[in-house]
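Reader: I'm in my first year and still learning to read protein structures. Could you take one part of this one and walk me through it slowly?

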Amino acid sequence: MKILILGSGPGGYVAALRGAQMGAEVTVVEEKEVGGTCLNEGCIPTKTLVASAEAYAKAKDLASYGIDFTGELRPNAKKIVQRKNSVIATQVKGIRALFKSWGITLKEGRGSFISEKQIRVVSKNGPEETLTADKFIIATGSRPASIPTFPFDGNRIISSTEALDMQEIPDSMLIIGAGVMGCEFGCIYREFGTDVTLIELMPRALTTEDPEISQIIERELKKKKIKLHTGVKVEKVTTSETGVTAYLSGGKELTASKLLVTIGRAFNTAGVGLENAGVTLDKRGAVTVNEFMETSNKDIYAIGDVTGGMLLAHVASKQGLCAVGNIMGHKEKMDYSVIPAGIFTHPEIASVGVREHQLIERGDKDGVNYKVGRFQYRALGKAHAMGEISGMFKVIADAKTNKLLGVHIIGQNASDIIHEAAVAMKAGLTAEALAETVHAHPTLAEGLMEAAEDVMGRAVHAPKP
Amino acid sequence: MNPEELRYHKEHTWVSISGKKATIGITDYAQDALGDIVYIDIPEVDAEVEANTEMSEIESTKATSSVIAPLSGTILSVNEDLEDSPEIINEDPYGKGWIAVIEISDDSELDDLMDSSDYDKFIEEEAG
């Protein structure tokens, strides 16, 4: 079996490795760098900046940990970006080494379909060549979406890509979109000292999260003196030598040195020759796929952001495994029932399963159809020891069976703790199962056990209601 | 122990009245129950507050709780020192730890407040 994969992000490279493990002859075509958006302009670089911001925050707060320090602390943007680049370089090398070890051919250039069975690769400095395969996987990903009336200029109006490569810390920044990226970059730059203002069209920050999570993050943003305007639209933007001005619906004008637009992602379907391969797009411009990750052409699969579903690296990877499984004859459907996700704000956020507002929207009632258990980070000894007491655990379970429906965590290490809930949900377990499992003390994960206990109204370390 | 010149609300806020203006804070009992205060979400000037509803949120190392408005009115000024030093509330709840000054919109609500001796009894019962 010969498989050709267009794109080597977390979808494409994982698919390539699994294909090779299963005995396929795999070729990957990559225009930029292996690892895709996730490794080069997304997940990993933002987390290195988060780590720098956290280190700085802790250093500023040394006195509260009993450490005397006299000296000057200063975030150095150039060095922060250098560190980020060296983390990326290590990871890129890692993927290239894995490709080599599994005998995967990497073609560096831009690939596009010239027929249903042929891909033309135009490399930067090498010759053009035409490749064929038995099966193809489109994993071309997405890019930051711009606002047509004020497109990115790379200087004043920037995307997440430029925000990861700042050579100096801006004194002020407006961020359009208080979603995952807006809130993450807001927290990072605020920590470095930037005056940050978030502008959100929807009525709350992180609209897709549980409303209680939004409420807590909004308070945490306020604590950091990050300004948040919700329910407003940016009507117009003007730029000048010194900065940028945003004109909001309702008449307000905001000025800053940078404007970061984080309103979503656009799908990379142009210039891929999809029209030559009989691959159709949906109304939003994403590649249409079925539950087996097959496109309208049965020999061509598509995975990851370009399919327009959940734009998450780990979903792309799982879709890649699913597509390769199907190519190699193990018929399998992509299962989206349990998809955990993290948001790397301070404090961190993680969620899996249903949000309470989704239950309310479908007419379910608290106490009748579902029950909620909560537990505060500040009630955990470990949280106090760490000096990170903000946050909450929220467990939503079926009112009759106590089966876990959703878990939401905001607080230190939330994105690691969530996987306990994900495994439990994947196994169809109940809140009792979480509650009755002994949790090591002292850990933050004890909070999840207590929140699960609270579903049954018996959290031990919570005051009597 | 609670100052005689102040009036008290059952949700543990105090009021100091001067004409149409009322200064509001939380009581010593409340700050003691909360423990070390780490953050207060100070209301905004010109915002309307309604008696018996939340006017601010306080976070301590033990809990996050609502500050319930003792009276209805419009916020005239707020104690901005609390933004960076919320612990002032623990240190001096009836003085430097004041939260906001409002212009009273409904004088009749004053009748619902307790004097210091009633409040002393009230918290004694509450402490059980």
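Author: Happy to! Let's take helix 6 of chain A, and keep in mind that this is a predicted model. A good way in is to ask which residues of helix 6 of chain A are buried. They are A:Val180, A:Met181, A:Gly182, A:Cys183, A:Glu184, A:Phe185, A:Gly186, A:Cys187, A:Ile188, A:Tyr189, A:Arg190 and A:Glu191. A residue is called buried here if 20 or more other C-beta atoms lie within 10 Å of its own. Twelve of the twelve residues of helix 6 of chain A pass that test, so the helix is largely enclosed by the rest of the structure.

Next, its length. From first C-alpha to last, the twelve residues of helix 6 of chain A reach 17 Å, which is close to the 16 Å expected at 1.5 Å a residue. Just after the helix comes A:Gly193, with a positive phi of about 110 degrees.

What does helix 6 of chain A pack on? To answer that, let's meet a sheet. Five strands of chain A make an open sheet in the order 9-16-10-11-12, and their pairing is parallel. At its edges are strand 9 (157-158) and strand 12 (227-229) of chain A, each of which pairs on one side only. Further in, strand 10 (residues 172-176) and strand 11 (residues 195-199) of chain A run parallel and are joined by five bridges. In one of these pairings, A:Met173 has A:Val196 in strand 11 of chain A as its bridge partner. Helix 6 of chain A packs on this sheet, where it touches strand 10, strand 11 and strand 16 (258-261) of chain A. The direction of the helix makes about 165 degrees with that of strand 11 of chain A.

Now let's step back to the domains. Chain A is divided into domain 1 (2-144 + 266-327), domain 2 (157-263) and domain 3 (341-455). The centres of domain 2 and domain 3 of chain A, taken over C-alpha atoms, are separated by 28 Å. Their contact takes 13 residues from domain 2 of chain A and 15 residues from domain 3 of chain A. Here our helix turns up again: helix 6 (180-191) and helix 7 (211-223) of chain A are the elements that give two or more residues to the domain 2 side of that contact. The largest share of that side, six residues, comes from helix 7 of chain A. Sorted by class, the domain 2 side has eight nonpolar, no polar and five charged residues.

There is one more sheet to look at. Strands 13, 14 and 15 of chain A form an open sheet in the order 13-14-15, with antiparallel pairing. Strand 13 (234-239) and strand 15 (253-256) of chain A stand at the edges with a single partner strand each, so one side of each is left without a neighbour in the sheet. On average, neighbouring strands here are turned by 20 degrees against each other, direction ignored. Strand 13 and strand 14 of chain A form a hairpin with four residues between them, and five bridges join the two. In this pairing, A:Val234 has A:Leu248 in strand 14 of chain A as its bridge partner. Strand 14 (residues 244-248) also pairs with strand 15 of chain A, over four bridges, and there A:Ala246 is matched with A:Leu254 as its bridge partner.

Conventions
Residues numbered from 1 in each chain as written. Chains lettered and ligands numbered in written order. Predicted model: local features only at pLDDT ≥ 70, side-chain atom pairs only at ≥ 80, totals over all residues. Domains from an automatic or database assignment. Contact = placed C-beta atoms within 7 Å. Nonpolar A, V, L, I, M, F, W, Y, C, P; charged D, E, K, R; others polar. Pairing = 2+ DSSP bridges. Axes fitted to C-alpha atoms, helices over the stretch in contact; angles between N-to-C directions. Expected span 1.5 Å × (residues − 1).
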